[in-house]
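Hi,

Here is the structure I promised to pass on to you. Have a look at it first, and then read on for what turned up.

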Amino acid sequence: MTGYLDELRKALRDVPARRRRRILDEAEDHLRSAVEAGASESEAAGAFGPPTLIARRWLDLLAVVAARRAVWIAGVPVAAWGLLFMVTKPPAGPAGVVGIFAVQIAAVCGAVAGIRLLRHLAATALPAGTLRYLNRTTACALVASLVGAASVISVHPLAGVLVAGACAVALVIVAGAFRRLTALAALADEPAPDDALQDIRALIGRLPELGFDPRRHQWRFAAIVALGAGVVAAAGHAFLDDGGSLMIGPSALAAGAVIVAIEGGAVLASYAALGRFLGLVQRPR
Amino acid sequence: MRAEALKGHLDALLLAVLATGPAHGYAVIEALRERSDGAFTLPEGTVYPALHRLENAGLVTSSWSAESGRRRRVYALTRRGRAALERERQEWQSFTRAVDVVLG
C-alpha cells in the first residue's frame with residue numbers, strides 16, 4: 001500500500017501541496033477500507049486504478065478551476081482599463097493610437113472569453129480545447145489592457161500604473177492556468193474546439209438573420225462588423241467633438257468617412273491578425 | 001460496463017447515491033457497484049475527482065469525520081445537488097423514452 005501511495009504522490013507532483021495531501025489521505029482511507037472488506041493490498045490498489053490515470057483526472061479538474069478563476073479575475077483589470085480609456089483624453093502621437101487599438105482588442109478578447117465562460121458556467125468538466133481557448137483569450141485581453149494602460153501613463157500616471165500592475169498580476173494567474181493545462185498529457189486527440197459564433201448561438205439560441213452563413217462567408221461577416229464599428233466610432237467622434245450636439249455638416253461627414261475607413265480597416269486588420277487565434281475565424285464544418 | 005460508457009453519467013449517478021444519505025468515498029463506490037449489480041465498475045480512484053468536481057459546483061459538500069479512530073472525508077448532497085439530480089432524472093427519462101420508441 002505504501003508503494004502504491006508513493007507512486008500516486010509522484011504522479012500528483014503538479015497538484016498543489018494542500019490538495020495533494022487531501023487526495024492522498026482519501027486514497028489511503030479508501031485502500032484501508034478495501035483491505036478491511038477482504039481485498040488484498042494489491043487487489044485494492046489495482047481496483048483504485050493506475051496512479052497516472054488518477055493524476056490525469058485531478059489535473060483535468062484543476063485545469064477547469066484555474067481557467068475559470070483566471071477569466072473572473074482578469075475581468076477586473078480589463079474593465080478598469082476600459083473605464084480608464086473612456087475617462088482619459090488619449091495622449092497625442094503613437095501612444096494614443098496604441099491605446100485605441102488596445103481597448104478594442106481587450107474588449108473583443110474579453111468578450112469572447114466571457115461568452116465562452118457563460119456558455120459553460122454550469123458544466124462540471126470542460127474539454128482541454130475549451131480551456132486552452134479560455135486561457136488564450138483571457139491572456140490576450142490582459143496583454144492588450146496592460147499595453148493600453150501603459151500607453152496612458154503619461155497623462156494618468158497613477159491610474160495607468162495601477163491598472164497595468166493589476167493586469168500583470170492577473171497575467172501571472174493566467175500563466176498558472178496555462179501551467180495546469182500543460183501538465184495534462186495526451187491532449188492531441190481532443191476534438192476541434194467550438195468557435196465564438198457557436199458560443200453566441202448556444203447562449204441566445206439563434207444568431208440574428210444575416211442572409212448568409214457567417215462561418216462560410218467569414219470576410220463578408222468581418223466587413224459588416226468593421227463597417228458597424230466604423231460608423232459607431234465616427235458617430236462617437238462627431239458627438240464628442242461637437243460637445244454632445246451631433247451637428248451634421250460637410251466637414252463632419254468628411255471626418256466621419258475618414259474615421260469609418262480607419263476604424264473599419266483596423267478591425268479588418270485585427271480580424272486577419274487575431275481572428276484564428278481568438279476562435280473568430282474557423283473553417284466551415 | 002466500461003468506464004468510458006459511464007462518462008457523462010457519473011455525476012448524476014454519484015448524486016443519486018448521495019441522495020440516500022451522506023457517505024465517504026469508499027461507501028459511495030460500493031453503493032454504486034451494489035445498486036448496479038456490479039455493472040458499473042470503473043477505476044475507483046477516478047470517482048474522487050468527480051466528487052470534488054461536484055463539491056466545486058456546490059452540488060455536494062464534504063467534511064472530515066473521525067470514525068473508529070480514522071479520519072474520513074464524508075460527502076453529502078446539498079439543496080442545489082438535490083435539484084440538479086431531479087433535473088438529471090427528468091432528462092434521462094425523456095432520453096430513454098425517446099430511445100425506446102426508436103429502438104422499439
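To begin with the aromatic residues: Tyr4(A) and Phe48(A) are both buried. Please keep in mind throughout that this is a predicted model. Its scores are ipTM 0.87 and pTM 0.70. For chain B, the mean pLDDT is 88, with 93% of its residues at 70 or more.

**Aromatic rings**

Over all chains, the count of aromatic pairs comes to 5. In one of them, Tyr4(A) and Phe48(A) meet edge-to-face, with 6.1 Å from centre to centre and 90° between the planes. This pair links distant parts of the chain, as Tyr4(A) belongs to helix α1 (residues 2-11) of chain A and Phe48(A) to helix α3 (residues 41-48) of chain A, 44 residues apart. Ring pairs also bring in chain B here: Tyr4(A), Phe48(A) and Tyr48(B) are linked into a cluster.

Another pair to look at is in helix α5 (residues 79-103) of chain B, where Trp92(B) and Phe95(B) are 3 residues apart, about one turn of the helix. Why does this pair count as tilted? The ring centres of Trp92(B) and Phe95(B) are 5.7 Å apart and the planes stand at 40°, and a pair is tilted when that angle is neither under 30 degrees nor over 60. Trp92(B) is partly exposed, at a relative accessible area of 43%, and Phe95(B) is partly exposed too, at 49%.

Two arginines sit over rings. In chain A, the charged end of Arg116(A) is over the ring of Tyr133(A), 3.9 Å from the ring's centre. In chain B, Arg71(B) lies over the face of Trp64(B), and here the distance to the ring centre is 4.1 Å.

**Salt bridges**

The count of salt bridges over all chains is 13. Among them is the one between the side chains of Arg56(A) and Asp60(A), at 3.4 Å from N to O. These two residues are 4 apart in helix α4 (residues 51-87) of chain A, about one helical turn. Arg56(A) is partly exposed at 21% relative accessibility, and Asp60(A) is partly exposed at 25%.

In chain B, Arg33(B) is worth following, since it has a salt bridge with Glu30(B) (2.6 Å, N to O) and another with Glu44(B), where the closest N and O atoms are 3.0 Å apart. The Glu44(B) contact ties together parts that are 11 residues apart in sequence, because Arg33(B) is in helix α3 of chain B while Glu44(B) is in the loop between α3 and α4 (47-56). Glu30(B), by contrast, is 3 residues from Arg33(B) within helix α3 (residues 25-35) of chain B, about one helical turn away. Glu44(B) is buried, with a relative accessible area of 6%, whereas Arg33(B) is partly exposed at 24% and Glu30(B) is partly exposed at 22%.

Salt bridges with shared partners also join residues from both chains: Asp29(A), Glu36(A), Arg70(B) and Arg72(B) make one network.

**A nonpolar patch**

Finally, on the surface of chain A, Trp72(A), Ile73(A), Leu118(A), Leu121(A) and Leu203(A) form a nonpolar patch, with about 470 Å² of accessible area together. One of these, Leu118(A), is in helix α5 (residues 94-119) of chain A and is partly exposed, with a relative accessible area of 45%.

Happy browsing, and best wishes

Technical notes:
Residues numbered from 1 in each chain as written. Chains lettered and ligands numbered in written order. Predicted model: local features only at pLDDT ≥ 70, side-chain atom pairs only at ≥ 80, totals over all residues. Heavy atoms only, no water. Phe/Tyr/Trp six-rings, centres within 6.5 Å; stacked < 30°, edge-to-face > 60°. Buried < 20%, exposed > 50% of the residue type's maximum accessible area, 1.4 Å probe, protein only. Lys NZ or Arg CZ within 6 Å of the ring centre and 35° of its normal. Patch = residues over 30% accessible without salt bridge, like charges linked within 9 Å, V, L, I, M, F, W, Y side chains within 5 Å. Areas by Shrake-Rupley, 256 points an atom, 1.4 Å probe, with all protein chains shown as cover. Salt bridge = Lys/Arg side-chain N within 4 Å of Asp/Glu carboxyl O. pLDDT = per-residue confidence, 0-100.
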